[in-house]
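Let's take a walk through this protein model together. Keep the sequence and the 3D view open while you read.

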Amino acid sequence: MPVPELLPVETRDKRDKNKYFAHHKDHGHNTDTCHTLAAEVQKMIEEGKLQQYVKKNPTQVNTLANTLDLREIRVSHARVNTTSIKARENATRLKLRHINDWRVSNKVDYASLIGTKTLEEGKTEISFSNADLAGVYQTHNDAIVILALIGMYKVRRVLVDTGSSINVIFSGAYSSMSLREIQVEADDNHIIGFSRETMTAIVRINLPTMVGGRTVMQYFSLLDFRAPYNAILGRDWIHATKAVISTVHQCFKFITPAGVMKVRSDQVASHKCHESAMEEYRKSELKGSEILQVEKKL
């Protein structure tokens, strides 16, 4: 991304010297306000406002995703290993081969955000049909896993979870983000897990989050433990974007001024996250059995 032009010289004496934004190499505002302003401008454009300032060339999509030089997060929190059972290994390879063949034939490129979203132009209502099943590997029980732009980073393995009341970033992904301490806030709220275990988030942080061209500011709680996902988008984000999710069709949709935006789940990433979770479970079972054997010897 090119460095923006500096503000006029005559305004320098009026700027707040306590605020500095490194990318602009100038005083007057900080990173938080700049990112917030960018998200608000993008939101106004999506609502059909500021059209007189938007380029009309349809071949040039001027979005946050393709104008910024974004760092990419590919953290994997658990080793993927499906060789323990031969039949399971063959089934996994067959599934991944089928999905990858579909990607090639349909020119879907998840790595550069091309093909993961489709605009159903002119539609004003959200619906799902058999047409949405095209390219979906059947039968499946896969979760919705996507690539999202969170805080100016491409974050892979993001779970969209209707069962989560909060948004989460796990420590492995968070440590890869060069976020300033001034951006984080204390978060002493207790989080209750599926089996009623409780934990406390280290901090929380408010970040611009973009999926399918829609940007919203969202609070994320930082949790310090291993997980197959890098982040979780919960009901706060789902409600903010007004997204309607179908795990059967492996996608979700939301309404825009131009029509209905459809965002596909990455079935390969979803499957690998599941395998990672199972591998961690098998390792914990093995460790538990070793402890029992030692106790018996004692």
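D132 is buried, with just 5% relative accessibility; here buried means under 20% relative accessible area, exposed means over 50%, and partly exposed is in between (1.4 Å probe, protein chains only). D132 forms a salt bridge with K253, and their closest N and O atoms are 3.2 Å apart. (A salt bridge is a side-chain nitrogen of Lys or Arg within 4 Å of a carboxyl oxygen of Asp or Glu.) D132 sits in the loop between β4 and β5 while K253 is in strand β15, so this pair ties together parts that are 121 residues apart in sequence. Salt bridges with shared partners join E120, K123, D132, K253 and K262 into one network.

Before going on, a word on the ground rules: this is a predicted model, where local features need pLDDT of at least 70 and side-chain atom pairs count only at pLDDT 80 or more, while totals for chains, interfaces and linings use all residues. Residues are numbered from 1 along each chain as its sequence is written, and side-chain values use heavy atoms, with hydrogens and water left out.

How many salt bridges are there by this rule? The count is 5, and here are some of them:

| Pair | N to O distance |
|---|---|
| K123 and E120 | 3.3 Å |
| K253 and E120 | 3.1 Å |
| D132 and K253 | 3.2 Å |

The K253 and E120 pair links distant parts of the chain, 133 residues apart, with K253 in strand β15 (residues 251-256) and E120 in strand β4. Strands (E, at least two residues) and helices (H or I, at least four) are DSSP runs, numbered from the N terminus. So are these partners buried or exposed? K253 is buried at 1% relative accessibility, and E120 is buried too, at 16%. K123 counts as partly exposed because its relative accessibility is 29%.

Now for the nonpolar cores. A nonpolar core is a set of buried Ala, Val, Leu, Ile, Met, Phe, Trp, Tyr and Cys residues joined through side-chain atoms within 4.5 Å. The largest one has 30 residues, and I146, I150, I169 and F252 touch the most other members. Leaving out residues up to four places away in sequence, F252 touches I144, V160, W237 and M261, among others (contact means heavy atoms within 4.5 Å). There's also a second, separate core of 12 residues, which includes V145, V168, A201 and Y229.

Next, have a look at strand β12 (residues 214-223), where 8 of the 10 residues are buried. Strand β7 (residues 167-170) runs parallel to β12, joined by 4 bridges; two strands pair if DSSP finds at least two bridges between them. One of the bridge partners is F220 in β12, matched with N167. Strand β11 (residues 203-211) pairs with β12 in the antiparallel sense over 8 bridges, and P208 has M217 as its bridge partner. β11 and β12 form a hairpin with 2 residues between them, and G212 in the turn has a positive phi of about 60 degrees.

Some backbone oddities are worth finding too. Q138 and T139 are joined by a cis peptide bond, with omega about -10 degrees. R157, in strand β6 (residues 153-160), isn't a glycine, yet its phi is positive, near 55 degrees. K242 isn't a glycine either and has a positive phi of about 55 degrees. R157 is buried at 14% relative accessible area, whereas K242 is exposed at 63%.
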